[in-house]
Amino acid sequence: MDTFSIRIKELRKRHNLTQEQLGQVIDVSKYSILLYEKGKNYPDVRGLIGLADYFGVSIDYLVGRTDNPEINP
């Protein structure tokens, strides 16, 4: 599993969301979220921005470019 997959799953669980609920946040199916969490697929740019905005973390954090979740450290 890659960093993105691990972080999305951790953030989803920390916020007590189901895959279906998270999918509704960025307008994708729960199956899409499942594939993200398994590292088999990735969101488009709009979805990535939506996830970062919803969880209040930077895109760099989501994709593993930094371990600091803050948007502007």
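Me: Is Asp60 buried, exposed or partly exposed?
Reply: Partly exposed, with a relative accessible area of 33%. Bear in mind that this is a predicted model.

Me: Which residue forms a salt bridge with Asp60?
Reply: Arg65 does, with the closest N and O atoms 3.8 Å apart. That still passes as a salt bridge because the cut-off is 4 Å. Arg65 is exposed, at a relative accessible area of 68%.

Me: How many salt bridges does the count come to?
Reply: The count is 3 salt bridges.

Me: OK, what does Arg7 pair with?
Reply: The side chain of Arg7 meets that of Asp67, and the N to O distance is 2.6 Å. This pair links distant parts of the chain: Arg7 sits in helix H1 (residues 3-14), while Asp67 is in the segment after helix H5 (59-62), 60 residues apart.

Me: And for burial, what are the values for Arg7 and Asp67?
Reply: Arg7 is buried at 11% relative accessible area, whereas Asp67 is exposed at 63%.

Me: What about Arg12, which residue does that one bridge to?
Reply: Glu37, with 2.5 Å between the closest N and O atoms. Arg12 is in helix H1 and Glu37 in helix H3 (residues 30-38), so the bridge ties together parts 25 residues apart in sequence.

Me: Is Arg12 buried or exposed there, and how about Glu37?
Reply: Arg12 counts as buried, at 9% relative accessibility. Glu37 is buried too, with a relative accessible area of 5%.

Me: Since we're on H3, which of its residues are buried?
Reply: Ser32, Ile33, Leu35, Tyr36 and Glu37. The cover over those buried residues includes H1 and H2.

Me: What happens just after H3?
Reply: Gly39 takes a positive phi there, about 75°. A bit further along, Asn41 is placed in the loop between H3 and H4.

Me: What does Asn41 touch, leaving aside its neighbours within four places in sequence?
Reply: Leu35 and Tyr36. Both of those residues are on the list of buried ones in H3, while Asn41 itself is partly exposed at 34% relative accessible area.

Me: How far is Asn41 from Ser5 in space?
Reply: The C-alpha to C-alpha distance is 9.2 Å, and the two are 36 residues apart in sequence.

Me: Back to phi angles. Which residue in the loop between H1 and H2 has a positive phi although it is not a glycine?
Reply: Asn16, with a phi of about 55°. Asn16 is found in the loop between H1 and H2 and is exposed, at 67% relative accessible area.

Me: And Asp27, what's its phi?
Reply: Near 65°, again a positive value in a residue other than glycine. Asp27 lies in the loop between H2 and H3, and at 64% relative accessibility Asp27 counts as exposed.

Me: Switching to packing. At roughly what angle do H2 and H4 cross?
Reply: The axes of helix H2 (residues 19-26) and helix H4 (residues 45-55) cross at roughly 110° and come within 9 Å. H2 and H4 are therefore roughly perpendicular to each other, and their crossing is right-handed.

Me: Which residues make that contact?
Reply: From H2, Leu22, Val25 and Ile26; from H4, Arg46, Gly47, Gly50, Leu51, Tyr54 and Phe55. By class, the contact of H2 with H4 has 6 nonpolar, 2 polar and 1 charged residues.

Me: How about H1 and H4, what's the packing angle?
Reply: About 40°, with the axes 11 Å apart. That makes H1 oblique to H4. The crossing of H1 and H4 is left-handed.

Me: Which residues meet between H1 and H4?
Reply: Phe4, Ile8, Leu11 and Arg12 in H1 meet Leu48, Leu51 and Phe55 in H4. The contact of H1 with H4 breaks down as 6 nonpolar, no polar and 1 charged residues.

Me: Arg12 again! What was its bridge partner?
Reply: Glu37. So Arg12 takes part in the contact of H1 with H4 and also forms the salt bridge with Glu37, which lies in helix H3.

Key:
Residues numbered from 1 in each chain as written. Predicted model: local features only at pLDDT ≥ 70, side-chain atom pairs only at ≥ 80, totals over all residues. Heavy atoms only, no water. Helix = DSSP H or I, 4+ residues; strand = E, 2+ residues; numbered from the N terminus. Buried < 20%, exposed > 50% of the residue type's maximum accessible area, 1.4 Å probe, protein only. Axes fitted to C-alpha atoms, helices over the stretch in contact; angles between N-to-C directions. Parallel < 35°, antiparallel > 145°, perpendicular 65-115°, else oblique. Left-handed = near helix turned anticlockwise from the far one by under 90°. Contact = heavy atoms within 4.5 Å. Nonpolar A, V, L, I, M, F, W, Y, C, P; charged D, E, K, R; others polar.
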